[in-house]
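Student: I have a structure open and want to test the labels people put on it. Can we go through them one at a time?

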Amino acid sequence: MLSMSFSTTPRIVLRDGALDDLPAMFAEFGVRHVALVTDAGLVRAGLVAPVEARLRAAGIAVTVYDEVQADPPERIVLAAVEKLGAAGVDGVFAIGGGSAMDTAKLVAYLLRSPCELATIYGVDLAQGPRLPLILAPTTAGTGSEVTPISIVTTPTEEKKGVVSRRLLPDVALLDPNLTLGLPPAVTAATGIDAMVHAIEAFTSRRLKNPLSDVLAKQALALLSANLPVVLKDGQDKAARGAMLLGSCLAGMAFANAPVAAVHALAYPLGGRYHVPHGLSNALMLLPVLRFNLSAAAPLYAELAPSVGAEGHSAEAFLAAVERLVAGCEMPKRLHELQVTRDSLPQLAADAMQQQRLLINNPVELTEADALRLYEEAF
């Protein structure tokens, strides 16, 4: 008998101008002072000021925290909690990529359920309440707006995750206007990242279920069809919206059927070399797909139509994914990012610390296997 559990963000709004609804949404939660979590780049790009002005015009106070960094370090999360707690905020909004959204999730939780951050790393250890939380992604990649996960970089450069349904936001706002300014390289890396989420959810050894399967297939169809379009014309609002939806569906899928070795091998690249998460996933995708072929071939064949493959086989699926990656303007090899060959054994050792992810991989992966995969990507 089938047994499954599925959780996601209770309200998802996708439309042109979705941010217009933000003040009314916070008013529904009785929020009077919003923490606006973002990064300095988005402030400079002019995306934050209109949101702040819209909230203030509705009579809602705003305190901005714009010091979010990629692969958010613990100290940034804790600094945000300290500043925003002192300001007396009673609701949290994030506009940005996965780093801003992951930071906001923990801010919302820790301000309502104070504890040592290290005590909630792991699965279902965060069980307290949080402040009202709304997230608006500016990239079609992480799907963090619908996942119960926040990834943090520890002082030892290790990636650790807080995984709990308490981190699911109240609302995900998907507004294609927020992604129109993404440069092609970021569009490509985040788009491939979202595809990784869908593929790994569909092939996950643990917790794979019919709902996540349907979402993963639909996500791949949207992403693979629209990524070439937005790379050619970044102002195509319909295609940008389709990418946001694809990323969101992929996030819903992997939040319930967890990701595996691609992510386990990507995290050390972010922790040690600060390679953006989407790019690190994109770099490790094809080596891991080939490594998993012995067990995942029937599943790859099922996914082939979703990526527009020329045939219904695992080989056709791999060829289609390889073509999509090849068409992206982004680094394709680790050595292009100043990753050194002599660091690969340490990266492999680091990857083995990601057992939370590796147990989901369709093929058991050893440290020696991880080293070979890094060498293949080098």
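Tutor: Start with α6, which gives the most to the lining of the second largest cavity, with three residues. Keep in mind that this is a predicted model.

Student: What makes the residues around the second largest cavity its lining?

Tutor: Distance decides, because a lining residue has an atom within 4 Å of a point. For the second largest cavity, the residues are A140, L182, T187, T190, G191, V230, R240 and M243. The elements that give two or more residues there are α6 and α8 (237-256).

Student: How much space lies in the second largest cavity?

Tutor: About 40 Å³. The search of the whole structure finds two cavities of 30 Å³ or more.

Student: How do you know which class each residue lining the second largest cavity belongs to?

Tutor: Residue type settles the class. Gly counts as polar and Arg as charged. The lining of the second largest cavity has four nonpolar, three polar and one charged residues.

Student: Now the largest cavity. Why is it called a cavity and not a pocket?

Tutor: The word cavity is used because a 1.4 Å probe fits at its points but cannot get out, whereas a pocket is an open set. The largest cavity has a volume of about 60 Å³.

Student: What lines the largest cavity?

Tutor: I199, E200, T203, A260, V262, V288, L289, N292, Y300, N361 and P362 line it. Two or more of the lining residues come from each of α6 (184-203) and α10. The top contributor is α6, with three residues. By class, the lining holds seven nonpolar, three polar and one charged residues.

Student: What makes the second largest pocket a pocket?

Tutor: A pocket is an open set with protein on both sides within 12 Å along at least five of seven lines. The space in the second largest pocket is about 210 Å³. Its lining has 14 residues, with L283, L286, V325, K332 and R333 nearest the centre.

Student: Which elements supply at least two residues of that pocket's lining?

Tutor: α10 (277-291), α12 (314-326) and α15 (367-377) each do. The largest share, five residues, comes from α10. The lining divides into nine nonpolar, no polar and five charged residues.

Student: Why is strand β2 called mostly covered?

Tutor: Buried means under 20% relative accessible area. Five of the five residues of β2 (residues 33-37) are buried. H33, A35 and V37 point one way, V34 and L36 the other way, and all are buried.

Student: Why do the side chains split between two directions?

Tutor: In a regular strand the side chains alternate between the two faces of the sheet.

Student: How do you know that β2 and β3 pair?

Tutor: Two strands pair if there are at least two bridges between them. β2 and β3 (residues 61-65) have five bridges, in the parallel sense. They therefore count as paired under that cut-off. V37 stands opposite Y65 in β3.

Student: How many bridges join β2 to β4?

Tutor: Four, and the two strands run parallel. In β4 (residues 91-96), A94 is the bridge partner of V37.

Student: Why is D124 called partly exposed?

Tutor: Buried is under 20% and exposed is over 50%. D124 has 39% relative accessibility, so it counts as partly exposed. D124 is found in the loop between β5 (122-123) and β6 (133-137).

Student: What is the phi of D124 near?

Tutor: Near 60 degrees, a positive value in a residue other than glycine. Most residues other than glycine have a negative phi.

Student: Why is E157 called partly exposed?

Tutor: The relative accessible area of E157 is 32%, so it is partly exposed. E157 also has a positive phi, about 70 degrees, although it is not a glycine. Its place is in the loop between β7 (149-153) and β8 (159-163).

Student: How do you know that the chain's radius of gyration agrees with a compact globule?

Tutor: With 378 residues, such a globule would be near 21 Å, and the protein chain has 20 Å, which agrees. Its C-alpha atoms fill a box of roughly 60 × 50 × 40 Å along the principal axes.

Student: What share of the residues of the protein chain counts as buried?

Tutor: 59% of the 378 residues. The secondary structure comes to 15 helices and nine strands.

Terms used
Residues are numbered from 1 along each chain as its sequence is written. This is a predicted model: local features need pLDDT of at least 70, side-chain atom pairs count only at pLDDT 80 or more; totals for chains, interfaces and linings use all residues. Side-chain values use heavy atoms; hydrogens and water are left out. On a 1 Å grid over the protein atoms alone, a cavity is a set of points where a 1.4 Å probe fits but cannot get out, and a pocket is an open set with protein on both sides within 12 Å along at least five of seven lines; lining residues have an atom within 4 Å of a point. Grid points are joined across faces, edges and corners, and a volume is the space filled by probe spheres set on the points. Buried means under 20% relative accessible area, exposed over 50%, partly exposed in between (1.4 Å probe, protein chains only). The radius of gyration is taken over C-alpha atoms; the globule rule is 2.2 Å times the number of residues to the power 0.38.
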